[in-house]
Amino acid sequence: MSLNAAGDRVYVTNRGHDSIATFRWDGGETLGLLQHLPSGGVSPRSVVLLEAERQMLVAHEQSGDVTAFDVLPGGTLAGRGGG
């Protein structure tokens, strides 16, 4: 799991079906799902949010690789070079 510096976006890995979920959070008790997308590998384990670079790196335990995503202005993710 990773939380952005503003505290309004939460990124969570799901190893059950190899995905990343993006949630909005207002600091209360409820998260709102913004996006759900494939992680690009098998068994996403670790997330590194590079806010200054507007990137996220996802390391996959079983496939042994790293997938890079662009962080879009609304906090959702896109495959590198796309929207």
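In the predicted model, strand 7 and strand 8 form a hairpin in which five residues lie between the two strands. Within the turn of this hairpin, G75 adopts a positive phi of about 95°. Strand 7 comprises residues 66–71 and pairs with strand 8 in the antiparallel sense over three bridges. Two residues of strand 7 can be placed opposite their counterparts in strand 8 (77–79): D70 has A78 as its bridge partner, and V71 stands opposite L77.

On its other pairing, strand 7 runs antiparallel to strand 6, to which five bridges join it. In this pairing, A59 stands opposite V66 of strand 7. Strand 6 and strand 7 likewise form a hairpin with five residues between the strands, and here G64 takes a positive phi near 65°.

These hairpins belong to an open sheet of four strands, which has the order 5-6-7-8 and antiparallel pairing. Strand 5 and strand 8 stand at the edges of the sheet; each has a single partner strand, so one side of each is left without a neighbour in the sheet. Neighbouring strands of the sheet are turned against each other by 30° on average, direction ignored.

The loop between strand 5 (44–50) and strand 6 (55–60) contains E53. This residue counts as partly exposed because its relative accessibility is 46%, a value that falls between the limits of 20% for buried and 50% for exposed residues. E53 and D70 are 17 residues apart in sequence, and their C-alpha atoms are 8.6 Å apart in space. D70 is also the residue of the hairpin described above whose bridge partner in strand 8 is A78.

The largest nonpolar core is made up of ten residues, namely Y11, I20, L37, V47, L49, M56, V58, F69, V71 and L77. Strand 5, strand 6 and strand 7 are the elements that give two or more residues to this core. In regular strands, side chains alternate between the two faces of the sheet. Both V71 and L77 are members of the core, and these two residues stand opposite each other in the pairing of strand 7 with strand 8.

L37 is a further member of the core. When neighbours within four places in sequence are left aside, L37 is in contact with S19, I20, F69 and L77. Of these contacts, I20, F69 and L77 are themselves listed among the core residues.

Note on methods:
Residues numbered from 1 in each chain as written. Predicted model: local features only at pLDDT ≥ 70, side-chain atom pairs only at ≥ 80, totals over all residues. Heavy atoms only, no water. Buried < 20%, exposed > 50% of the residue type's maximum accessible area, 1.4 Å probe, protein only. Pairing = 2+ DSSP bridges. Axes fitted to C-alpha atoms, helices over the stretch in contact; angles between N-to-C directions. Core = buried A, V, L, I, M, F, W, Y, C linked by side-chain atoms within 4.5 Å. Contact = heavy atoms within 4.5 Å.
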